[in-house]
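This report describes the fold of a single protein chain, working from its strand pairings to its buried residues. The sequence and the structure are shown below.

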Amino acid sequence: MEWMMAIGGCVSCGRVFAFNPNRVPSLRVRRDDQGVPYPAPDGVTEPVCEPCVHRLNALRQQNGLDPWPVWADAYAPVGSDDPRAEM
Ligand SMILES: [Zn+2]
């Protein structure tokens, strides 16, 4: 059985975690001179870890916004039967 996961730092908290690169929630950001990310539509895509996406979704809902959708397999391996695994 073949599978794949990506490993990277969460754009929100910096924690290193494993994720499905095709499904993980992410934000487009740029970083300032101190390395602090800020939203930028033309920035690079960086992943958001599961605890942060749940925390941020709770804040969004408290502020009357729809939560970001989160795929059930966002933090699971990409299996060899998944055609998106062929990169
Ligand atoms: Zn995080």
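Which residue in E5 does Arg31 stand opposite? The residue in question is Pro37. This pair belongs to the pairing of strand E4 (residues 26-31) with E5, where 3 bridges join two antiparallel strands.

**Overall architecture**

The model is predicted. Its mean pLDDT is 91, and 91% of the residues reach 70 or more. Among the elements, E3 has the highest mean pLDDT, at 97, and strand E7 (residues 78-79) the lowest, at 85.

The protein has 87 residues, of which 14% count as buried. Its secondary structure comprises 7 strands and 1 helix, arranged along the sequence as β-β-β-β-β-β-α-β. The C-alpha trace spans about 40 × 30 × 25 Å along its principal axes. Of the contacts with a separation of 6 or more, 47% are between residues 24 or more positions apart.

**Strand pairing**

E4 and E5 are part of an open sheet of 3 strands, ordered E5-E4-E6 with antiparallel pairing. Strand E5 (37-39) and strand E6 (44-47) are the edge strands, each pairing on one side only. From one strand to the next, the twist averages 60°. As a general matter, strands of a sheet pair through backbone hydrogen bonds, in either a parallel or an antiparallel manner.

A further antiparallel pairing links strand E2 (residues 6-9) with strand E3 (residues 16-19) through 4 bridges. Within this pairing, Gly9 has Val16 in E3 as its bridge partner. The two strands form a hairpin with 6 residues between them, and Gly14 in the turn has a positive phi of about 85°.

**Buried and exposed positions**

Is Gly14 buried or exposed? Gly14, found in the loop between E2 and E3, counts as exposed because it has 11 C-beta neighbours inside 10 Å, and the limit for that class is 12 or fewer. The C-alpha atom of Gly14 is nevertheless separated by 9.0 Å from that of Val48, although the two residues are 34 residues apart along the chain.

Val53, in helix H1 (residues 50-62), is buried, because 22 other C-beta atoms lie within 10 Å and the threshold is 20 or more. Not counting residues up to four places away in sequence, Val53 touches Pro25, Val48, Trp68 and Val70. The C-alpha atoms of Val53 and Pro67, 14 residues apart along the chain, are separated by 9.1 Å.

The two C-alpha separations are set out here.

| Residue pair | Separation along the chain | C-alpha separation |
|---|---|---|
| Gly14 and Val48 | 34 residues | 9.0 Å |
| Val53 and Pro67 | 14 residues | 9.1 Å |

**The nonpolar core**

Which residues make up the largest nonpolar core? This core consists of 5 residues: Cys10, Val11, Val48, Cys49 and Val53. In soluble globular proteins, nonpolar side chains tend to be buried together.

Val48 has contacts with other members of the core, including Cys10, Val11 and Val53. Leaving aside neighbours within four places in sequence, Val48 is also in contact with Ser12, Pro25, Ser26 and Leu27. Pro25 is thus listed among the contacts of Val48 and among those of Val53. Ser26 and Leu27, by their numbering, fall in strand E4 (residues 26-31).

Terms used: Residues are numbered from 1 along each chain as its sequence is written. This is a predicted model: local features need pLDDT of at least 70, side-chain atom pairs count only at pLDDT 80 or more; totals for chains, interfaces and linings use all residues. A nonpolar core is a set of buried Ala, Val, Leu, Ile, Met, Phe, Trp, Tyr and Cys residues joined through C-beta atoms within 7 Å. Two residues are in contact if their C-beta atoms, placed from the backbone, lie within 7 Å. Two strands pair if DSSP finds at least two bridges between them. pLDDT is the predictor's confidence in each residue, from 0 to 100. Axes are lines fitted to C-alpha atoms, for helices over the stretch in contact, and angles run from 0 to 180 degrees between N-to-C directions.
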